[in-house]
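Reader: I am new to this structure and would like to go through its charged residues and its cysteines step by step. Could you show it to me before I begin?

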Amino acid sequence: MANIEQFEDILAWQKGRELTRLVYKASRKGEFAKDFALRDQIRSALISITSNIAEGFERGGTKEFIQFLGHSKGSCGEVRSQLYVALDEGYITQTEWQELHNRCLEVSRLLDGFIKYLRQTEIKGRKFQTTSASPKD
């Protein structure tokens, strides 16, 4: 696994950011843009995906991080469900839906794999790491 120095290094966050960009683009067009309830709800869920990854990482503890990654994964499911509504209402095409749905599944799989990794690792988070360097007088 690659060394992660900041939340922006996390592949699930990167892919979530791209998914957010694509759904925002789709939700700016036609009737989708006028359905304020769905548009705002799907955007909120999208923002929750990357925000929970960032917040969990910044808290510094592995257990908390896993909890926030779980929230992020839940938000992925929420976006997928809302994409069905957008498809059923004719706001997006079947092709657009398939691409966005697949990207949601990819983010969800990445989050699931990361959660499994963190549960098995000995890493306890940044706030539990100690340094052997002593402070200078």
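Reader: Is D40 buried, partly exposed or exposed in this model?
Author: The model is a predicted one, and in it the side chain of D40 meets that of R39 in a salt bridge, with 3.0 Å from N to O. Since the class between buried and exposed runs from 20% to 50%, the relative accessibility of D40, 41%, makes this residue partly exposed.

Reader: And what about its partner R39, which class of accessibility does R39 have?
Author: R39 has its place in helix α3, and its C-alpha atom is separated by 8.5 Å from that of R28, 11 residues apart along the chain. The relative accessible area of R39 is 17%, and because buried means under 20%, R39 counts as buried.

Reader: How far apart along helix α2 are K34 and E31, in terms of helical turns?
Author: The side chains of K34 and E31 meet in a salt bridge at 3.5 Å, N to O, where K34 is exposed at 54% relative accessibility and E31 is partly exposed at 48%. Both belong to helix α2, residues 30-34, and because they are three residues apart there, their separation is about one helical turn.

Reader: Which residues are linked with E55 in a network of salt bridges?
Author: Within helix α3, E55 and R59 are four residues apart and therefore separated by about one helical turn, and their side chains meet in a salt bridge of 2.8 Å, N to O. Both are partly exposed, E55 with a relative accessible area of 36% and R59 with 38%. The network of salt bridges links E55 with R59 and E64.

Reader: Which residues form a negative surface patch together with E58?
Author: E58 is found in helix α3, residues 36-59, and counts as partly exposed at 47% relative accessibility. Patches are made of residues with over 30% relative accessible area, a cut-off that the 47% of E58 passes. The residues that form the negative surface patch with E58 are E5, E8 and D9.

Reader: Turning to the cysteines, how many disulfides does the structure hold?
Author: C76 is in no disulfide, and the nearest cysteine sulfur, in C104, is 5.2 Å away. Because a disulfide needs two cysteine sulfur atoms within 2.5 Å, the 5.2 Å between the sulfurs of C104 and C76 is too far for a bond. C76 is buried, with a relative accessible area of 0%, and C104 is buried as well, also at 0%. The number of disulfides in the structure is zero.

Terms used. Residues are numbered from 1 along each chain as its sequence is written. This is a predicted model: local features need pLDDT of at least 70, side-chain atom pairs count only at pLDDT 80 or more; totals for chains, interfaces and linings use all residues. Side-chain values use heavy atoms; hydrogens and water are left out. Buried means under 20% relative accessible area, exposed over 50%, partly exposed in between (1.4 Å probe, protein chains only). Patches are made of residues with over 30% relative accessible area and no salt bridge: like charges are joined within 9 Å, nonpolar side chains (Val, Leu, Ile, Met, Phe, Trp, Tyr) within 5 Å. Accessible areas come from the Shrake-Rupley method with a 1.4 Å probe; for residues, only the protein chains shown count as cover. A salt bridge is a side-chain nitrogen of Lys or Arg within 4 Å of a carboxyl oxygen of Asp or Glu. Lys and Arg count as positive and Asp and Glu as negative; His and the chain ends are not counted. The place of a charge is taken as NZ of Lys, CZ of Arg, CG of Asp or CD of Glu. Helices (H or I, at least four residues) and strands (E, at least two) are DSSP runs, numbered from the N terminus.
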